[in-house]
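Subject: Handing over the structure

Dear colleague,

I am passing on the structure that we talked about, and I would be glad if you could open it beside this message. My notes on what was found come right after it.

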Amino acid sequence: MYLNFILRKPRRQSKSQRYFSISYSDPGRQCGFLIPLAAFILVAISLLAATIMRTSSQVALAATLEAVSMQAFYAAESGAQAAMSELFGNNDPRATVDTNCSANVQDQVFNVTGLQNCAATGTCVCTDESNNPCPAAGVYSFYVISSSATCGSAAMTSTRTIQVSAFSQ
């Protein structure tokens, strides 16, 4: 048996008078509130921890995918710059550049820091001012170089495409 002291204020006595009464209770009849409260708090904290872990792993995956996507963008840009350099780097006459446009754009495989596991594929389309394919008798030749790069491994890959336009007279 448990002994409980209860401080009571009697109704018919003055405010300054107080007395203690002793009451006995049976522990078999007491209902516990602490165990269900502790179980509820434990479940709530576990759910919160699981949510935080899932969110942090998703954020890490998104950051990795963003980095691979930026690598693919820079690889595509580098592929387009390499194709432009192949076409216009030797100061060849316009007729030679027209011929080289569809023939000499090469694929790029990068082995430099920051672009590992990246490859760029380029295409070049040449038309004149009347939208006829090159070589044509027009005054101008318009070149559209497309570079598509893929970076990453089998689990996470990203592909980006860049188009660069140029003309020659």
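Below I go from the whole chain to its strands, its disulfides and a few single residues.

Please keep in mind that this is a predicted model, in which local features need pLDDT of at least 70 and side-chain atom pairs count only at pLDDT 80 or more, while totals for chains, interfaces and linings use all residues. Residues are numbered from 1 along each chain as its sequence is written, and side-chain values use heavy atoms, with hydrogens and water left out.

The protein chain has 2 helices and 6 strands, where helices (H or I, at least four residues) and strands (E, at least two) are DSSP runs numbered from the N terminus. Along the sequence these elements follow the pattern β-β-α-α-β-β-β-β. Of the 169 residues, 24% count as buried; buried means under 20% relative accessible area, exposed means over 50%, and partly exposed lies in between, with a 1.4 Å probe and protein chains only. The chain exposes about 12,200 Å², of which carbon and sulfur atoms supply 58%, and such areas come from the Shrake-Rupley method with a 1.4 Å probe, where for residues only the protein chains shown count as cover. Among contacts with a separation of 6 or more, 49% come from residues 24 or more positions apart, a contact being heavy atoms within 4.5 Å.

Let me turn to the strands. Strand E5 (residues 141-152) and strand E6 (residues 157-168) run antiparallel and are joined by 12 bridges; two strands are said to pair if DSSP finds at least two bridges between them. The two strands form a hairpin with 4 residues between them, and one of the bridge pairs is threonine 150 with threonine 159 in E6.

Serine 168, which has its place in strand E6, is buried with a relative accessible area of 16%. Leaving aside neighbours within four places in sequence, serine 168 is in contact with Phe88, Arg94, Val139, Tyr140, Ser141 and Tyr143. Its C-alpha lies 8.8 Å from that of valine 97, although the two residues are 71 residues apart in sequence.

Valine 97 also appears in helix H2, where Arg94, Val97, Asp98, Asn100 and Cys101 are buried. The buried residues of H2 pack against H1, E4, E5 and E6.

How many disulfides are there in the model? The count comes to 2 disulfides, if a disulfide is taken as a pair of cysteine sulfur atoms within 2.5 Å. In one of them, the sulfur atoms of cysteine 101 and cysteine 124 are 1.8 Å apart. Cysteine 101 lies in helix H2 (residues 94-103) and cysteine 124 in strand E4, so this pair ties together parts that are 23 residues apart in sequence. The torsion about its S-S bond is about -95°, so the disulfide is left-handed. Cysteine 101 is buried at a relative accessible area of 1%, and cysteine 124 counts as buried at 10%.

Cysteine 118 and cysteine 151 also form a disulfide, with their sulfur atoms 1.9 Å apart. Since cysteine 118 lies in strand E4 and cysteine 151 in strand E5, the pair ties together parts that are 33 residues apart in sequence. This link is right-handed, with 125° about the S-S bond, and both of its cysteines, 118 and 151, are buried.

Strand E4 also holds threonine 127, which counts as buried at 18% relative accessibility. Apart from neighbours within four places in sequence, threonine 127 is in contact with Asn132, Pro133, Cys134, Tyr140, Ser141 and Phe142.

Asparagine 117 lies in the loop between strand E3 (108-110) and strand E4 (118-128). Is asparagine 117 buried or exposed? Asparagine 117 is exposed, with a relative accessible area of 59%. Its phi is near 60°, a positive value in a residue other than glycine, and you may like to know that most residues other than glycine have a negative phi.

Finally, leucine 34 is found in helix H1 (residues 34-88) and is exposed, with a relative accessible area of 64%.

With best wishes
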